[in-house]
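Work through the exercises below with the model open. Try each task before reading its solution.

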Amino acid sequence: MIIYNISFTIAPSFLEEWQHWSKEFLIPTIMDSKYFDSYKKLKVLTQEANQYPIYCLQFSTDSIYRYTQYDTELSESIKKQVSDKYKDQVLFFDSILKEID
């Protein structure tokens, strides 16, 4: 199993808007691409007292090939949309994980 993880650090004043936007636009856009079979939305519980909240979206697929197609065809557009919409109020990074035994 290949997991595409996007971690978001969100300024508290943008949290409610980001949650709505991720539910109504971001997740559907990525899932509608058909490169992923399922997703999870997670909140990171271990953080410093003065740190902004961190959320992760994890999209799962059965092959690295499907992820590579997503990365080639859609990833940069999605990243640009997040950056353009939230500027420095929502910071993010992505990573690729592989489920192991």
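**Exercise 1. A serine in a helix**

Task: Place serine 22 in the secondary structure, decide whether serine 22 is buried or exposed, and list its contacts beyond four places in sequence.

Solution. Serine 22 sits in helix H1. This is a predicted model. The relative accessible area of serine 22 is 0%. The cut-off for buried is under 20%, so serine 22 counts as buried. Apart from neighbours within four places, serine 22 contacts Ile27, Pro28 and Lys41.

**Exercise 2. The overall layout**

Task: How many helices and strands does the protein have, and in what order do the elements run?

Solution. Start with the count: two helices and four strands. Then read from the N terminus: β-α-β-β-α-β.

Task: What radius of gyration does the protein have, and what would a compact globule with 101 residues have?

Solution. The protein has 14 Å. A compact globule with 101 residues would have a value near 13 Å, which agrees. Next come the dimensions: the C-alpha trace spans about 40 × 30 × 20 Å along its principal axes. Now turn to burial. Of the 101 residues, 39% count as buried. The accessible surface comes to about 6400 Å², and 53% of that belongs to carbon and sulfur atoms. Finally, check the contacts between residues at least 6 apart in sequence: 73% of them join residues at least 24 apart.

**Exercise 3. The nonpolar core**

Task: Which residues have the most contacts inside the largest nonpolar core, and which elements give two or more residues to this core?

Solution. The largest nonpolar core has 24 residues. Those with the most contacts inside it are Phe8, Trp18, Ile30, Phe36, Phe59 and Tyr70. Two or more residues each come from S1, helix H1 (15-32), S3 and helix H2 (64-86). H1 gives the largest share of this core, seven residues. As a general point, nonpolar side chains in soluble globular proteins tend to be buried together.

Now follow one core residue outward. Leaving aside neighbours within four places, tryptophan 18 is in contact with Phe8, Ile10, Lys41, Tyr55, Tyr86 and Val90.

**Exercise 4. Strand S3 and its partners**

Task: How many residues of S3 are buried, and which strands pair with S3?

Solution. Eight of the eight residues of S3 are buried. Sort them by direction. Ile54, Cys56, Gln58 and Ser60 point one way, while Tyr55, Leu57, Phe59 and Thr61 point the other way. Side chains in a regular strand alternate between the two faces of the sheet.

Then take the partners. Strand S1 (residues 2-10) pairs with S3 in the antiparallel sense over eight bridges. Strand S2 (residues 38-43) also pairs with S3 in the antiparallel sense, over six bridges. Phenylalanine 59 shows both pairings. It stands opposite tyrosine 4, and it is the bridge partner of tyrosine 39.

**Exercise 5. Two buried strand residues**

Task: What does leucine 57 touch beyond four places in sequence, and how far is leucine 57 from methionine 31 in space?

Solution. Leucine 57 is in strand S3 (residues 54-61). Its relative accessible area is 0%, so leucine 57 is buried. Outside its sequence neighbourhood, leucine 57 touches Tyr4, Asn5, Ile6, Phe8, Leu26, Ile27, Lys40 and Lys41. Leucine 57 and methionine 31 are 26 residues apart in sequence and 11 Å apart in space, C-alpha to C-alpha.

Task: With which side chain does the side chain of serine 7 make a polar contact?

Solution. Serine 7 lies in strand S1. The relative accessible area is 8%, so serine 7 is buried. Its side chain makes a polar contact with the side chain of asparagine 5, at 3.0 Å. Beyond four places in sequence, serine 7 touches Tyr55, Cys56, Leu91, Phe92 and Phe93.

**Exercise 6. Lysines with positive phi**

Task: Where does lysine 34 lie, and where does lysine 87 lie?

Solution. Lysine 34 is in the loop between H1 and S2. Its phi is positive, about 70 degrees, although lysine 34 is not a glycine. Lysine 34 is exposed, with a relative accessible area of 61%.

Lysine 87 is in the loop between H2 and strand S4 (90-98). Its phi is positive too, about 50 degrees, and lysine 87 is not a glycine. Lysine 87 has a relative accessible area of 59%, so it is exposed.

How values were computed. Residues numbered from 1 in each chain as written. Predicted model: local features only at pLDDT ≥ 70, side-chain atom pairs only at ≥ 80, totals over all residues. Heavy atoms only, no water. Buried < 20%, exposed > 50% of the residue type's maximum accessible area, 1.4 Å probe, protein only. Contact = heavy atoms within 4.5 Å. Pairing = 2+ DSSP bridges. Polar contact = N/O pair within 3.5 Å; in protein donor to acceptor, adjacent residues only side chain to side chain. Rg over C-alpha atoms; globule rule 2.2 N^0.38 Å. Areas by Shrake-Rupley, 256 points an atom, 1.4 Å probe, with all protein chains shown as cover. Core = buried A, V, L, I, M, F, W, Y, C linked by side-chain atoms within 4.5 Å.
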